[in-house]
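Please find below a short note for a student who is beginning to read structures. It takes up one helix, the surroundings of a ligand, and the confidence of the prediction.

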Amino acid sequence: MEGGAERRSPGLCAAVLPAGGCGERLGGSTPKQFCPVLGRPLISHTLEAFERVSWIQDIIVVVALESLDLMKAIIQKYGHKRITVVKAGETRHRSIFNGLKVFSEECFAGTAIQKPEVVIIHDAVRPFVDEDFLLKMATSAKLYGAAGAIRPLVSTVIASTSDGYLDYSLERAKHRASEMPQAFQFDVIYQAYQQCTDYDLDFGTECLHLALQYSNTKAKLIEGPPDLWKVTYKRDLYAAESVIKERISDDLCIVTNTTEESIQFGVLLHEKLHLHFNVKGVSSNLFENHLENIFHEKCYSFICINVQESEFEETHKLIDLLQTIYVCSSYPLVIVSVSYDECNSRSNKLSKIQTLAKDARKSNILVYGLLINSHKDNKQCHCVCEGLTAAAATLSLSLVIYA
Ligand SMILES: Nc1ccn([C@@H]2O[C@H](COP(=O)(O)OP(=O)(O)OP(=O)(O)O)[C@@H](O)[C@H]2O)c(=O)n1
Ligand SMILES: O=P(O)(O)OC[C@@H](O)[C@@H](O)[C@@H](O)CO
């Protein structure tokens, strides 16, 4: 767990992700939470976002009976952890209630699932949620009893008369769109669900309203980032793919090995490239565990600078490491393998990199070779940058340096 998050953890926290809908507005036979986004089910992206938050002990996913096996298969294929699957109800509120019941006295006694102090409720079809905002919501819920994410309205809200004419319109500046995640002290929201009416359960859409109405708890409203939107229509799936592509193509993690020359080269390159990429960090060895943390931050494009005398050993190591960490990456990982261009061994190097690339392709890792002239002055860095910028431009991908 990152030190910062551990210090700021809001105490025992769990998440309930309603995923029991049929996605009628999106159309098609597959419920939208199981539709692929960049080759991976939408719900898997959301689960991955929650799994990156180490202070959330349990993630309860609520799915329809007919999707239970599919959900379990997704959990297994993508190696999701801390997940409990629960059967959905006929409506979203009933599904959420089913998810909360897992923690109730009669349920959790004797199971590994502990009743949380704070529970986060988040639609499984909202894949873009980050740890900082979740922490803000959970901390506010712990303090105020309930917290809700809001976003400015894009369109004005109006009410119509029964015969279809304008009745009144709401002043847009005074109103907000209620989004997810929402967070609650567990007892506040559980009691609300226990006491609400069937009408609430069958026709309601707002958990914050239940907390106010039945637990007399006014939620703290917190404006969230723009990406909290819910996948509802087909276009939202395309938008989700674009957001993910944009996010992974900016990230760059610079890694060098322990030689002074390569660390210095990596730092130099960091200075050159950080204007073009969101550089994640410079590590000094592929095998120190902080690399896992950096990769855990999901970096997907890499440059591997091999020291002069090696036979692309560094690229081999990087590929091996990526294959273990990214068990089922549905978007390609890219490595630009940089090595020194010595005339007497150029053809040998090119054939070696081609073989490497061919093997790596089977694990959805794309490997490209970049030869730079070998004289050891700071032009080296300039050459690499020029080559990388050219490579990145064509590959529109970011890179990590491993020298
Ligand atoms: N009986 C239901 C209905 C909805 N949901 C979940 O609640 C979230 C938000 O609901 P919504 O966007 O309305 O999903 P659907 O009901 O699937 O969409 P539609 O209304 O278009 O059918 C989704 O993750 C959905 O799977 C649920 O868990 N149980
Ligand atoms: O109404 P739907 O079931 O489509 O989606 C649920 C949304 O209403 C809900 O997620 C937010 O408005 C916050 O309550």
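1. The expected span of a helix is 1.5 Å times one less than its number of residues. The structure discussed here is a predicted model. Helix H10 covers residues 234-250, and for its 17 residues the expected span is 24 Å. The C-alpha atoms at its two ends lie 26 Å apart, which agrees with that expectation.

2. Which residues of H10 are buried? They are Asp236, Ala240, Ile244 and Ile248. These residues cover an arc of only 100° around the axis, and therefore they are on the same side of H10.

3. The face of H10 that is turned away from the buried side carries exposed residues, namely Arg235, Tyr238, Ser242 and Glu246.

4. Ligand 2 is surrounded by Arg92, Asp123, Ser178, Glu179, Met180, Thr205, Glu206, Cys207 and Lys230. By class, this shell has five charged, two polar and two nonpolar residues. Strand E10, residues 176-185, provides the largest share of the shell, with three residues.

5. How confident is the predictor, and what share of the residues reach a pLDDT of 70 or more? The mean pLDDT of the chain is 85, and 82% of its residues reach 70 or more. For the complex, the predictor gives an ipTM of 0.98 and a pTM of 0.80.

6. Residues 396-403 should be read with the pLDDT in view, as it stays under 50 over this stretch. For these residues the model has 48 contacts beyond four places in sequence.

Definitions and conventions
Residues are numbered from 1 along each chain as its sequence is written. Chains are lettered from A and ligands numbered from 1 in the order in which they are written. This is a predicted model: local features need pLDDT of at least 70, side-chain atom pairs count only at pLDDT 80 or more; totals for chains, interfaces and linings use all residues. A residue is near a molecule or strand if its C-beta atom, placed from the backbone, lies within 6 Å of it. Helices (H or I, at least four residues) and strands (E, at least two) are DSSP runs, numbered from the N terminus. Ala, Val, Leu, Ile, Met, Phe, Trp, Tyr, Cys and Pro count as nonpolar, Asp, Glu, Lys and Arg as charged, and the others, Gly among them, as polar. pLDDT is the predictor's confidence in each residue, from 0 to 100. Two residues are in contact if their C-beta atoms, placed from the backbone, lie within 7 Å. A residue is buried if 20 or more other C-beta atoms lie within 10 Å of its own, exposed if 12 or fewer, and partly exposed in between; C-beta atoms are placed from the backbone. The arc is that of the directions from the helix axis to the C-beta atoms.
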